[in-house]
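Hi,

Here is the structure I promised to pass on. Have a look at it first, and then read my notes below on what turned up.

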Amino acid sequence: MSYTIAIDGPAAAGKGTISKAVAAHFGFAHLDTGLLYRAVGACVLLGADPVEAAKSLTSEDLQGDNLRTPEVAQSASKVAVIGEVRAALIEFQRAFARRAGGAVLDGRDIGTVICPEAEAKLFVTASAEVRADRRFAELVQNGMDVSRDTVLADVVERDRRDRERAEAPLVAAQDAVEIDTSNLSIEEAVSRAIQVVEGRK
Ligand code: C5P
């Protein structure tokens, strides 16, 4: 039997950390759907056509540290506006969600478009300042040479583009439970998320 947990929210709100911990807790598989858009964005930076890149994506394209750079993130949010790119990525995500044994998918449109029937939906938020601080610390830890202001500008611009696009905009599903992680530790945010899922079971 399949069981799907949808975790959406803006950039660097803590979705990735929470999703991994929730998946490990329940023994579910985890898919970071942002990687799909980042992989397409990376191909476009190398000169590829976005729709062709989305149609021919392989699991190898989802590996690699180069997908974590702010340049690739910006490119990802630009290709994510294109309806044909989103359409090309839907089936892979839905098949992953339906896998036996349960799945956690995190992204922007999982609870609204990809898996509207998900058994549990979370919308993870935090203030832009807090999100920029966290993403900055993460990038510096990975050895990247960025300024905190650039990271804040990147996060704010991507959020605006994600919220304002016509197709599958970033918005909480009506039946999603919101978790604001601004003042929560990782442990608190994870245990809150697990509580919400347990409450739905
Ligand atoms: O989650 P992450 O920051 O890696 O996502 C990169 C970009 O991919 C986002 O800014 C967004 O534009 C796009 N994305 C999306 N739908 C998803 C996941 C990511 O449009 N489900």
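Ala168 is buried, with a relative accessible area of 14%. This is a predicted model, so that number, like the rest here, is computed from predicted coordinates. Ala168 sits in the loop that runs between helix H8 (148-164) and strand S5 (177-180). Its backbone caught my eye: phi is near 45°, a positive value in a residue other than glycine. As background, most residues other than glycine have a negative phi.

Ala12 is another case, with a positive phi of about 60° although it is not a glycine. Ala12 belongs to the loop between S1 and H1. Its relative accessible area is 11%, and because the cut-off for buried is under 20%, Ala12 counts as buried.

That brings me to the stretch you will probably want to look at. UniProt, in an unreviewed entry, puts a "binding site" feature at Gly9, Pro10, Ala11, Ala12, Ala13, Gly14, Lys15, Gly16 and Thr17. From this set, Ala11, Ala12, Ala13, Gly14, Lys15, Gly16 and Thr17 help line the largest pocket.

Two residues of that annotated set make a nice pair to click on. Pro10 is in the loop between S1 and helix H1 (15-26), and Thr17 lies in helix H1. Which of the categories does Thr17 fall into, at 41% relative accessibility? It counts as partly exposed, because 41% falls between the 20% and 50% cut-offs. Pro10, with a relative accessible area of 1%, is buried. Leaving aside neighbours within four places in sequence, Pro10 is in contact with Lys15, Arg108, Phe123, Val124, Thr125, Arg131, Asp159, Arg163 and Leu170.

Now for strand S1 (residues 4-8), where Asp8 is found. Asp8 is buried yet has no salt bridge. Why no salt bridge? The nearest side chain of opposite charge, Arg108, is 6.9 Å away, and a salt bridge needs the charged atoms within 4 Å, so Arg108 does not qualify. What the Asp8 side chain does reach is the backbone nitrogen of Ile110, at 2.9 Å. Not counting residues up to four places away in sequence, Asp8 touches Lys15, Gly107, Arg108, Asp109, Ile110, Gly111, Leu122, Phe123 and Val124. Lys15 in that list is also one of the residues in the UniProt "binding site" feature.

Thr4 is in strand S1 too. At 7% relative accessibility, Thr4 counts as buried. Its side chain reaches the backbone oxygen of Ala97 at 3.0 Å. Apart from residues up to four places away in sequence, Thr4 touches Ala97, Ala103, Leu105, Cys115, Ala118, Glu119 and Ala120. Thr4 and Ala29 are 25 residues apart in sequence, and their C-alpha atoms are 9.7 Å apart in space.

Last, the wider view. UniProt lists residues 5-197 as "domain: Cytidylate kinase", again in an unreviewed entry. How far apart are the end C-alpha atoms of residues 5-197? They lie 8 Å apart, and the span is 53% helix and 12% strand.

Cheers

Conventions. Residues numbered from 1 in each chain as written. Predicted model: local features only at pLDDT ≥ 70, side-chain atom pairs only at ≥ 80, totals over all residues. Heavy atoms only, no water. Helix = DSSP H or I, 4+ residues; strand = E, 2+ residues; numbered from the N terminus. Buried < 20%, exposed > 50% of the residue type's maximum accessible area, 1.4 Å probe, protein only. Lys, Arg positive; Asp, Glu negative; His and termini not counted. Polar contact = N/O pair within 3.5 Å; in protein donor to acceptor, adjacent residues only side chain to side chain. Contact = heavy atoms within 4.5 Å. UniProt positions renumbered as here; feature names shortened; annotations may be inferred. 1 Å grid on protein atoms, 1.4 Å probe; cavity = no way out; pocket = protein on both sides within 12 Å on 5 of 7 lines; lining within 4 Å.
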